[in-house]
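Biologist: Hello! I would like to take a close look at one part of this model with you, and then see what else stands out.

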Amino acid sequence: MSGGALGIEIVLVFFLPLFLLHRYGHFRKQHPLVLFGTLLSWYLCFLIVFILPLDVSTTIYNQCKIDNEKPRALTSSDPSNQTSNSSVFPTSTPKVCHKPWSYIPDGILPVFWRVVYWTSQCLTWLLLPFMQSYASSGGFSIPGKIKTALIENAIYYGTYLVIFCSLLIYLAVHPQWQLTWQGLQTISIAAANTWGLFLLVLLLGYGLVEIPCLYWNSSRHGYLLAKTYFKAAKLAKEKSDAEENMDDAMEEVANVNESIGYGHPLRISIDTILRKCPMEIQEKMVRLNTEDSEDESTQRTYPSKRSLVKLHKQVICAGQRHSQTQVQWAILLEEAFHLEDVCKNETSTSHQFVHSFLSSQPPGWLGKYLYTPTIEWYWECVLRQWCYRLLALLLSLLSVAVVWSECTFFSTHPVLSLFAIFIQLAESDYNYLYIEMACFVSILFLCVCVYSTVFRIRVFNYYYLVPHHQTDAYSLLFSGMLFCRLTPPLCLNFLGLIHMDASISHQQRIQTAYTTIMGSMRLLSFIADGFYIYYPMLIVLLCIATYCSLGTRCLNLLGFPQYISQSDDLTSELVEEGRELIRRGTIGWRERYGEQRNLRRSRNGYSELKDNDSPSDNSDSEYDVYDDHFQQT
């Protein structure tokens with residue numbers, strides 16, 4: 001299967017970033033270049049993660065062939081030495097090197113890694129920053145948006161130019177370093193990987209603790225419900241602020257719309273801004289403008305083109321944020337209703353799960369025949385929490401293994417890195433399937449810890465990935481930039497953990513095609529022997545800080561409320577406020593589905609759990625809080 005595994009993975013991996021982009025982006029509303037840039041950046045990063053295990057198994061197979069050729073070369077070069085040695089030591093027969101099922105022929109992987117790596121680096125350092133500014137620009141024409149993007153990125157690209165010139169000067173004054181194109185490439189890669197490793201350790205230190213804690217806390221229904229109330233109180237304020245910003249933006253649009261008639265040259269720009277407003281606002285603006293156009297004697301003050309550009313950007317941001325908060329509020333209500341139902345059903349003696357709200361659609365065959373009320377009760381009230389606890393324990397063991405290996409991977413005699421021990425044990429038996437699975441699971445866990453932090457992190461309102469097609473173009477492109485900057489050093493760090501990076505392990509063995517593309521870090525010994533080895537040890541302090549919630553407490557002191565525990569005064573106040581908001585939301589949903597909540601049926605139909613009802617006296621039901629407006633949003 002020469003190169004077949006590589007081709008299959010290249011095709012199959014494409015669907016993962018496509019699925020994520022469909023979940024977070026909007027194919028119909030966002031610019032095609034934004035979607036293409038984000039999809040390409042995510043795709044290239046996932047390719048590195050999925051193809052690297054194949055590179056490792058192919059390298060081990062090539063190393064086996066070289067090891068078998070060495071004894072033959074020695075015996076053929078010195079026959080007398082063979083005779084003298086054979087009388088003392090028995091002649092060892094070389095091991096048979098079985099070709100792995102995913103073997104990739106020589107010459108393919110270097111070209112593949114070179115294309116993938118340099119394409120991703122061009123995206124993250126050059127194209128995506130420009131596309132960010134272009135997408136968030138309030139310009140009305142393509143040249144205007146390009147001009148705005150160039151101005152905003154002038155400092156960004158100027159910094160790169162200064163660093164590059166300083167690097168050239170540094171190389172010129174050191175005669176022991178020859179200024180060659182390959183050496184310049186290696187230094188550029190080292191600089192990019194150093195920046196990525198700096199951010200990687202911060203995100204990894206957070207994710208190694210947060211991911212196991214997340215699943216452990218997910219098994220505690222009371223904790224989840226209290227935290228949901230807390231998030232409801234915070235989101236209600238954000239929702240109110242977004243509505244105020246939207247009203248302010250619409251007021252400015254109304255003033256500008258009244259001042260500029262249909263015959264004015266700036267009317268095209270006003271129409272462009274109006275298309276970004278809600279439909280009811282557009283109709284009202286057009287009607288008012290038609291009425292005011294009959295009175296030509298009114299003195300009008302016309303805005304400038306620059307003010308219209310600024311207003312256009314304000315309307316885009318306000319509309320996007322308003323839509324995000326509306327969707328998030330609907331999702332949070334659904335989550336709170338479900339958690340309240342779980343808490344009510346835990347005391348049920350009939351062992352049948354009963355929902356508080358009715359579903360607007362009949363259940364499918366899966367929910368009708370397989371996911372019965374009894375199975376749903378056992379899963380939601382019993383099995384789910386134990387599965388989450390077991391998963392949390394397994395993830396905790398993996399986190400401990402990663403922390404230990406990050407602190408000991410530089411030791412080759414003895415081998416202390418757990419990942420290196422596992423791979424070397426499999427290498428001794430040439431169990432390629434185990435090698436690839438071990439590499440894939442290890443890299444996947446590292447990626448989950450890092451990427452999940454990227455998806456969950458929020459930098460005020462400038463960067464925030466929101467599901468259900470609500471992520472703006474700026475955040476999508478920014479996530480693509482982070483992926484392209486974090487993935488290469490993450491994979492290089494993993495190769496160091498399994499002792500397949502000679503610049504760190506100092507072993508005389510064949511290198512993977514990925515490390516050959518990275519270049520020899522021996523050119524920069526202070527990075528290979530210093531920063532790459534000792535900086536990852538900082539992950540221990542970061543894990544301790546995350547476990548003690550030091551970052552959360554600091555943000556809380558700075559005025560950014562974070563959920564700590566219900567013993568905290570501010571947290572308890574927001575929890576109570578959120579509980580009251582959810583109660584009001586419950587009343588609203590009951591009024592909205594007033595006709596449906598009077599229905600009482602068996603599992604073939606639906607039933608409703610009232611606040612004062614006992615779960616044992618009711619049958620099961622389903623509810624769906626996604627209304628038509630939410631789906632359209």
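In which helix is the place of L12? Please tell me about its surroundings too.

Modeller: Happy to! Bear in mind that this is a predicted model. L12 sits in helix α1, a helix that covers residues 4-13. With a relative accessibility of 54%, L12 is classed as exposed, because that class begins over 50%. L12 also belongs to a nonpolar patch on the surface, where I8, V11, F14 and F15 join it. Together these residues make up about 470 Å². Helix α1 contributes three residues to the patch, which is the largest share.

Moving away from that helix, there is a pocket worth a visit. The second largest pocket holds about 860 Å³ of space. Its lining counts 23 residues, and those lying nearest the centre are W125, Y160, F164, S188 and A191. Three helices each provide at least two residues of this lining: α5 (108-136), α7 (154-172) and α8 (181-218). Of the contributors, α8 gives the most, with nine residues.

Further along the chain, there is a record to set beside the model. An unreviewed UniProt entry marks residues 232-259 as a "coiled-coil region". In the model, that stretch is 100% helix and 0% strand. The C-alpha atoms at the ends of residues 232-259 are 40 Å apart.

So, to return to your residue: L12 is an exposed residue of helix α1, and one of the members of the nonpolar patch.

How values were computed:
Residues numbered from 1 in each chain as written. Predicted model: local features only at pLDDT ≥ 70, side-chain atom pairs only at ≥ 80, totals over all residues. Heavy atoms only, no water. Patch = residues over 30% accessible without salt bridge, like charges linked within 9 Å, V, L, I, M, F, W, Y side chains within 5 Å. Areas by Shrake-Rupley, 256 points an atom, 1.4 Å probe, with all protein chains shown as cover. Salt bridge = Lys/Arg side-chain N within 4 Å of Asp/Glu carboxyl O. Helix = DSSP H or I, 4+ residues; strand = E, 2+ residues; numbered from the N terminus. Buried < 20%, exposed > 50% of the residue type's maximum accessible area, 1.4 Å probe, protein only. UniProt positions renumbered as here; feature names shortened; annotations may be inferred. 1 Å grid on protein atoms, 1.4 Å probe; cavity = no way out; pocket = protein on both sides within 12 Å on 5 of 7 lines; lining within 4 Å. Points joined across faces, edges and corners; volume = space filled by probe spheres on them.
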